[in-house]
Amino acid sequence: PASFASAMAAMILGILSSAATTPAVRSTTTLTLLLTALAGPRTAALSLSLPGGRWFRERGAVTQTRVAVLGGGFAGLTAARTLVASHPGVEVLLCDQREFFEYTPGILRAWVEPSVHPRLVNPIRRLLRGRRASFRRVPPGCAVAVEESTVEAALPATSDEPTRPLRFTIGRGAESPLVDYPCDYVVLAPGGDLSPITDDREADGTIVGRRARLKRQVEAVLSNASSALVVGGGLTGVELAAELAEKLGPGAVTLAVGPTLPRRGSYPGDPGAGLLPGFRDTCNQPLRNLGRGGVERYARTWLARAGVSILKSWAVPPPADSTLGAKAALPGARPRTPTAAARPQCARSWRDVGSGEVLDGDAAWERAGPEADIRADAVFDCRGIRPTTRQTYTRYRSNPDTGLRVSSFGLPAGVVGGGGWLRVDGRFRLSRPAAAGGAAGGAAGGEPLRP
């Protein structure tokens, strides 16, 4: 993700450099809104063509160009640092709920050795320095909006401040925005929920607080555990299973990866796609230090030697609202299974329901019966990445006339596809589905968005 974000920053710099060499005032230029959306190990660069305002003026020097960056993870922080370091005409504002950068892959190690956490974090203000760089921490529960500037009239000739084409705001409900930043570009890198790593977003955002919550979470789940079930055969599930095997010993960990079916496993994080589906193209390649069979064979052999049992059939959680079943974190929210939980003796277990087609998980769980229970003292649901698109850009406010809660979405309509992923075309431009006329849902791609 870091190298991809660097490439996106280079694209911005290329645009800025070419514009700086044009002496004429660009009053009708087309600007490009570059959006970088990170979801765990997946990064996508998005662009949105917008009718331009005047972002450069002929006054003997290039006007400072403003770039707002949302998210202080791999993509956002790399883009911000690259822009500040590589171009003297760029001013960067970075916003995040946390005041620190956290090396998220290392959190899997922290689950079995919490003392490593100090080596995984660093304050953002220490990593992003310079007179043209600033950082703003915003509280949880806020929503982001990116709008085309409504200022149409030109500024007086005596003004040195250009009309910015975009307005980047962060706020909560009907309150005044906490951040209101007119800018030329926006880099959006809010990330995604990568279970069980990033379930700490609704907290105070301090390093001390994060460390204390992680310690409490690990103790609550693993303090009395002698066995564990990890569901999901992607990078997170495989790495966590390996860490738990080192802590709990051989024979104590079950990794449920699901059957490997031809119609599944086309992208990383696809639940039930077998072991490491995103690396299936390496199976027939003689890789250095891995041998034939690629990454999948290497991981399978390593896990077997560590005593990890690999379950190649469907693991289904118990019915909703049971201890380990799906629950809604907030009223109206989509029910989800706990990302990491201890299983009391009286709790119903996940069950092995075989490798056939599963249309109704609750019904399949009931049919399998108690003999299919997968016994484990702790359960980790690592089934892929959950985009935070709706949480990041949806703002709620109360209507004083009706008393009802009204929502507004901070990105153009129709750009959100199935599962919360943003739609892009082949050139990574934000787009709507051509046939649906802007309706949400369906596959990514379609006509480029040109408001």
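# Exercises on a predicted model

Cys183 is buried, with a relative accessible area of 0%. The structure is a predicted model, and the exercises below start from this residue.

## Exercise 1. Cysteines

Task: find how many disulfides the whole structure holds, and state where Cys183 stands with respect to the nearest cysteine sulfur.

Solution.
1. A search of the whole structure gives zero disulfides.
2. Cys183 is accordingly in no disulfide; the nearest cysteine sulfur belongs to Cys95 and is 10.0 Å away. The cut-off for a disulfide is a pair of cysteine sulfur atoms within 2.5 Å.
3. Burial is assigned under 20% relative accessible area. Cys183, at 0%, is therefore buried.
4. Cys142, with a relative accessible area of 9%, is therefore buried as well.

## Exercise 2. The four-stranded sheet

Task: give the strand order of the open sheet of four strands, state which strands lie at its edges, and place helix α2 on the sheet.

Solution.
1. The order is β7-β4-β3-β11, and the pairing is parallel.
2. β7 (133-137) and β11 (185-188) are the edge strands, each paired on one side only.
3. Between neighbouring strands of this sheet the average turn is 20°, direction ignored.
4. Five bridges in the parallel sense join β7 to strand β4, residues 90-96. In β7, Arg136 is the bridge partner of Cys95.
5. Helix α2 (residues 74-86) packs on the sheet, where it touches β3 (65-70), β4, β7 and β11. The direction of α2 makes about 160° with that of β4.

## Exercise 3. The five-stranded sheet

Task: determine the strand order of the open sheet of five strands and explain why β15 and β17 each have one side without a neighbour.

Solution.
1. The order reads β15-β14-β13-β19-β17, with mixed pairing.
2. β15 (309-311) and β17 (340-342) stand at the edges with a single partner strand each, so one side of each has no neighbour in the sheet.
3. From one strand to the next, the twist averages 15°.

## Exercise 4. Strand β13 and its surroundings

Task: for strand β13, say whether the residues on its two faces are buried or exposed, identify the bridge partners of Val230 in β19 and of Ala228 and Val231 in β14, and give the handedness of the crossover to β14.

Solution.
1. In a regular strand the side chains alternate between the two faces of the sheet.
2. In β13 (residues 228-231), Ala228 and Val230 lie on one side and Leu229 and Val231 on the other. These residues are all buried, and both faces of β13 are covered.
3. With strand β19 (residues 378-381), β13 pairs in the parallel sense over four bridges. Phe380 is the partner of Val230 in β19.
4. With strand β14 (residues 253-256), β13 also has parallel pairing over four bridges. In β14, Val253 is the partner of Ala228, and Ala256 that of Val231.
5. The chain passes from β13 through helix α6 (residues 235-248) to β14 in a right-handed β-α-β crossover.
6. α6 lies across β13, β14 and β19 and runs at about 170° to β14.

## Exercise 5. The whole chain

Task: summarise the protein chain by its helices and strands, its buried share, its contacts and its exposed area.

Solution.
1. The protein chain has nine helices and 24 strands.
2. Of its 451 residues, 50% are buried.
3. Among contacts between residues at least 6 apart in sequence, 63% join residues at least 24 apart.
4. The exposed area of the protein chain is about 21,600 Å², of which carbon and sulfur atoms supply 52%.

Definitions and conventions:
Residues are numbered from 1 along each chain as its sequence is written. This is a predicted model: local features need pLDDT of at least 70, side-chain atom pairs count only at pLDDT 80 or more; totals for chains, interfaces and linings use all residues. Side-chain values use heavy atoms; hydrogens and water are left out. Two strands pair if DSSP finds at least two bridges between them. Axes are lines fitted to C-alpha atoms, for helices over the stretch in contact, and angles run from 0 to 180 degrees between N-to-C directions. Contact means heavy atoms within 4.5 Å. Buried means under 20% relative accessible area, exposed over 50%, partly exposed in between (1.4 Å probe, protein chains only). Accessible areas come from the Shrake-Rupley method with a 1.4 Å probe; for residues, only the protein chains shown count as cover. A crossover is right-handed if, with the strands pointing away from the viewer, the path from the first strand over the helix to the second runs clockwise.
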